[in-house]
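Me: I'd like to learn how to read a protein structure feature by feature. Can you walk me through this one?

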Amino acid sequence: MSEYLQALNPEQDAAVRHFEGPILVLAGAGSGKTRVLTSRIAHLVREHGVPAHRILAVTFTNKAAGEMRDRVESFLGGKPKGMWMGTFHAIGARILRRHAPRLGWSNTFTIFDAEQSLRLIKRTTESLGLDIRRWHPKAIRAHIGGAKNMLITPQQFVEDSEGSLDLFARTVASVYPAYQKALEDQNAFDFDDLLVKPVELFQQSPDILHEYRERFSFVLVDEYQDTNHAQFRFLEMLASERRNLMVVGDDDQSIYGWRGADIRNILDFESSFPGAAVVRLEQNYRSTERILDAANAVIKLNVNRKGKVLRTERTGGDLIVLTGTADETDEARWVVQVVEMHLEEGSGVTYRDMSILYRTNAQARAMEDAFRRRAVPYQVVGGVRFYERREIQDVLAYLRLVSNPLDGVAFDRVVNYPRRGVGAASLERLLEWADLEGIGRLEAATRAEDAPGVPPGGARGLKKFAELIQRFSARAAQMRVGELLDELVEELDLLLHLRDEGPEGDDRADNVRELIAGALDFDAEQLDEWEEGMVDHFTELDLFLQRVALVADVDRHDPDADAVTLMTLHNAKGLEFPVVFITGLEDGLFPLSRAYDDPAQLEEERRLFYVGLTRAQDRLFLTYARQRRRAGEIMYGRMSPFVEAIPDELLQVGQSELLRATTSYTRSPRRPEMAQSKFEYDPLGDDLDESFNQDLPRLIKGERVMHDTFGSGAVGEITGFGRDLKVVVNFDSVGKKKLLVRHAGLKREF
């Protein structure tokens, strides 16, 4: 038996040995899905003689693609020559590099990241005379991105919005076509285009679609539950003829509906591909039995799921610790104390083995304060990433303009950085003249002295800038990208400018040096995703910029740092830790209040909690606070209903010392037989006074209240949650009034 088959369980083996025809692999958390995907690739090549170049493997993150590539090479004893393996965006970019002229772009297009596309949307919105204070560019970008992911073209969007009562939709309809035209004028694609344009290419060019259908006999997809409509259509077009499509995913971990992922893709797979085989991977190799029992109990309450029950050979395990705390500061203090206890008890647990998870980024502040006070090392995942830092974006803008002189966003960013005497008025007059002449920004800068109204000093600065870019553009064809970048930074004297910025300047300069080091290490000849001969068609600078644009997830989490990891539950997906804390488990915070308005959204929130539970290998801690400061207001809360789904026998229940000290009456566990927390805190059940619930009413129907203006009255109907809690009061003097509780200032009559 081949080595890669030996360690497989029966379900994994069935998935790996499946040969032709569609197959859905429902891979529960920690069930070894990467092993299944990579083993199947090895099996196709070794046992069925499928040439590696006839296989396409697609995933969502560069990290996952790298792990898959390493394992396949290990199983095959060498690189699978010609096999395409990468993220959806990388595969899309690769196809577009070959065929972009069919769509009106050149092969040397620029890829705009989120920051660059936002700048272009802002500029486009302003050019249409719209007030960006009223029509926020981020909201417009999100709406356009949603339309693209649904494969709605600008023209379709305009037609669909005609006569709409939705003023925002009509506003987006005016921006979307202009934004897309601006991208094309600058020979650029945004990130959504990397998914949408290959589909458009296949639809417009049957010969190209036929080429790829012939090329890829077998298509394998990881994290299928996260696909949107554009990705589904891409896969459907590629695989519908041969039908050799394996998708691996977990409907119970579909948590990205808010950014376009469609859970129906995995739920309806058997309808989309009739006759598909279905294999459930339910053997978990990560967590203890008690943790999995809790996760199974929570997720079974969802209606829209395929259904599976995780099991493990790690029987028993520590009880899950549930702790009530007084507020977010007390919660953070308690978490740090438990972290320190793990280090002191000699169990072998290190800082890097522990992770603190929360629903929203805002919750990190109190945690960071507590960790800093106790000098406990930590890393926050989801902050400003390396390639998003201002100084890195500035340097990359220079490189993008050197690579693509039509890149107007890059031009605008660095035309006067470092300062070269080009004022805002000079730039505005230059751009007006460029539009009248029908020429690009960089070309206009070379002839700046001809532009009406541009003063001589500004014209000299513009010409000097244009000459710099043109000189480095010419050199890019002959130079290695690292050397090119090193010389560019040296000529701009950029490191000196950064150091002059103050205390943070040295760090910024170090970041630029790190970028230079990465460019010096870059070797286009070693890129796995480029076929033999493809490198010859592009400069090394082009390929370096593409790599940078597609590595948005590389610096998310450093597993080697000896530090506790703090991150949102969304960022935790795909990771695992021996010790996990899930904090902020109050109704209205998790699940969020707005989820109650939509059953589908509430189910997604429950799936997110399930993801959090299944990150834990050995120990799991759950915390919630009686009150929490949110958006500048004190919100009173009670335990999340998600926690209530966990069976009592799996829990140890306690409360922090501060909450115990401020509680005036003795509380009992949810049931007498429940275990008291071994962390030496008094038992605390979920019988908190409902007046502490930030989403359930703090007022009771029928009770008497006082209002400063309307006087005395009786509470009637109570609706909404959290900040949107509303109440109808029948006042003695003025009759019924509907009030927003957080602004009403109601007081109980005694």
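Me: How many bridges join strand 6 to strand 7?
Reply: The general idea: strands of a sheet pair through backbone hydrogen bonds, either parallel or antiparallel. In this predicted model, strand 6 (residues 218-221) and strand 7 (residues 245-249) run parallel and are joined by 3 bridges. Look at valine 221, for instance: opposite it, in strand 7, stands valine 247.

Me: In what order do the strands of the open sheet come?
Reply: The order is 3-2-6-7-1-8, which makes 6 strands with parallel pairing. Strand 3 (84-87) and strand 8 (277-281) are at the edges with a single partner strand each, so each has one side without a neighbour in the sheet. On average, neighbouring strands here are turned by 10° against each other, if you ignore direction.

Me: Just before strand 7 there's a loop. What is the phi of arginine 243?
Reply: Start with the rule: most residues other than glycine have a negative phi, and most peptide bonds are trans. Arginine 243 has a positive phi, near 65°. You'll find arginine 243 in the loop between helix 12 (229-239) and strand 7, and it is partly exposed, with a relative accessible area of 29%. Alanine 375 also has a positive value, near 55°. Its loop runs between helix 17 (364-373) and strand 11 (378-380), and alanine 375 is exposed, at 64% relative accessible area.

Me: You mentioned trans peptide bonds. Which residue is joined to proline 418 by a cis peptide bond?
Reply: That's tyrosine 417, and omega is about -10°. Proline 418 belongs to the loop between helix 19 (408-414) and helix 20 (424-437). Another cis bond joins phenylalanine 590 and proline 591, with omega about 5°. Look for proline 591 in the loop between strand 13 (577-582) and helix 28 (599-613).

Me: Let's do helices. At what angle do the axes of helix 23 and helix 25 cross?
Reply: Two packed helices are described by the angle between their axes and the distance between the axes. For helix 23 (residues 481-492) and helix 25 (residues 505-521), the axes cross at roughly 155° and come within 7 Å. Helix 23 is therefore roughly antiparallel to helix 25, as the angle is over 145 degrees. The crossing of the two is left-handed. On the helix 23 side, the contact involves Val481, Gly482, Glu483, Leu485, Asp486 and Val489, while helix 25 brings Val512, Leu515, Ile516, Ala519 and Leu520. Sort the residues of this contact by type and you get 8 nonpolar, 1 polar and 2 charged.

Me: Now helix 26. How many of the residues of helix 26 are buried?
Reply: Of the 10 residues in helix 26 (residues 540-549), 9 are buried, so the rest of the structure largely encloses this helix. Among the buried ones are Leu541, Phe544 and Val548, and also Glu540 and Asp542. The cover over the buried residues includes helix 23 and helix 25, along with helix 5 (88-99), strand 4 (110-112), helix 18 (390-403) and helix 22 (456-476).

Me: Last one: which residues of strand 19 are on the covered face?
Reply: In a regular strand the side chains alternate between the two faces of the sheet. In strand 19 (residues 704-707), Val705 and His707 make up the covered face, and Arg704 and Met706 the uncovered one. Strand 19 pairs with strand 23 (residues 747-748) in the antiparallel sense, over 2 bridges. Methionine 706 has lysine 747 of strand 23 as its bridge partner.

Definitions and conventions:
Residues are numbered from 1 along each chain as its sequence is written. This is a predicted model: local features need pLDDT of at least 70, side-chain atom pairs count only at pLDDT 80 or more; totals for chains, interfaces and linings use all residues. Side-chain values use heavy atoms; hydrogens and water are left out. Buried means under 20% relative accessible area, exposed over 50%, partly exposed in between (1.4 Å probe, protein chains only). Helices (H or I, at least four residues) and strands (E, at least two) are DSSP runs, numbered from the N terminus. Two strands pair if DSSP finds at least two bridges between them. Axes are lines fitted to C-alpha atoms, for helices over the stretch in contact, and angles run from 0 to 180 degrees between N-to-C directions. Angles under 35 degrees count as roughly parallel, over 145 as roughly antiparallel, 65 to 115 as roughly perpendicular and the rest as oblique. A crossing is left-handed if the near helix is turned anticlockwise from the far one by less than a right angle, and right-handed if clockwise. Contact means heavy atoms within 4.5 Å. Ala, Val, Leu, Ile, Met, Phe, Trp, Tyr, Cys and Pro count as nonpolar, Asp, Glu, Lys and Arg as charged, and the others, Gly among them, as polar.
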